[in-house]
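Trainee: I have a predicted model open and want to go through its salt bridges. Can we take them one by one?

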Amino acid sequence: MLSAEKLSNMVTIPENEIEIRAIRAQGAGGQNVNKVSSAIHLRFDIGASSLPDHFKERLLKLNDHRITREGVIVIKAQQYRSQEKNREEAVRRLYELVDSIAELPAKRKPTKPTRSSQKKRLDSKIHRGQLKIMRKKLLTEPVS
C-alpha cells in the first residue's frame, strides 16, 4: 500500500491523510466496465493536513480546478484498467501538485528599460501616428 511519501527535503504526506475510494470508470469498456471499480477518486484535505502552514497557504492560493473552495484536492484517475495503477497515478498527481508549490518563485528584480529601447519605442509610435495621418481623407475647401 502507500507509505508516507517524502516531498522535497523536509515534507511528507502520511497515507492516513489521503482518502482513496475506488469508483467505476467512465466511458467505453465492454461488459467489464459495469462490474469492476477500477477508477480511483483521491481526496486530500489541505486544511486538516500536516503540511507546513506556508505550503497550505500556497496550495490554497493556487488557481487549480482540482482544488475545491473548501480546500480539498480532488483527483480522479481512470487512465489504466487496473485499480492499483490508477491508485499510483492519482497519488503521483497529488505529489506533483504539492511539489509544484514547494519551491519559492524567484523574486522579480525590477529593471529600467534601456535608453535605446525607449527611443525605439517612441520612434515606432511616431511612425505609426504618421501612417494614420496619411490615411486620412484630405478635406478640400468648398468652392464659393
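**Salt bridges in helix α2**

Mentor: Start with glutamate 84. At 43% relative accessibility, glutamate 84 counts as partly exposed.

Trainee: Is arginine 87 buried or exposed?

Mentor: Take its relative accessibility, 13%. The cut-off for buried is under 20%. Arginine 87 therefore counts as buried.

Trainee: How far apart are the closest N and O atoms of glutamate 84 and arginine 87?

Mentor: Both residues lie in helix α2 (residues 83-100), three residues apart, about one turn of the helix. Glutamate 84 and arginine 87 form a salt bridge, for which N and O must lie within 4 Å. Their closest N and O atoms are apart by 3.6 Å.

Trainee: Which residue forms a salt bridge with glutamate 89 at 2.8 Å?

Mentor: Glutamate 89 is buried, with a relative accessible area of 12%. The partner lies three residues from glutamate 89 in helix α2, about one turn of the helix. At 40% relative accessibility, that partner counts as partly exposed. It is arginine 92.

Trainee: How far apart are the closest N and O atoms of glutamate 89 and arginine 93?

Mentor: Glutamate 89 and arginine 93 are four residues apart in helix α2, so about one helical turn separates them. They form a salt bridge, with the closest N and O atoms apart by 3.3 Å.

Trainee: Which residues do salt bridges that share partners join into one network?

Mentor: Glutamate 89 forms salt bridges with arginine 92 and with arginine 93. Salt bridges with shared partners make one network of Glu89, Arg92, Arg93 and Glu96.

Trainee: How many salt bridges does the structure hold?

Mentor: Those of glutamate 89 with arginine 92 and arginine 93 are among them. The structure's total is five.

How values were computed
Residues are numbered from 1 along each chain as its sequence is written. This is a predicted model: local features need pLDDT of at least 70, side-chain atom pairs count only at pLDDT 80 or more; totals for chains, interfaces and linings use all residues. Side-chain values use heavy atoms; hydrogens and water are left out. A salt bridge is a side-chain nitrogen of Lys or Arg within 4 Å of a carboxyl oxygen of Asp or Glu. Helices (H or I, at least four residues) and strands (E, at least two) are DSSP runs, numbered from the N terminus. Buried means under 20% relative accessible area, exposed over 50%, partly exposed in between (1.4 Å probe, protein chains only).
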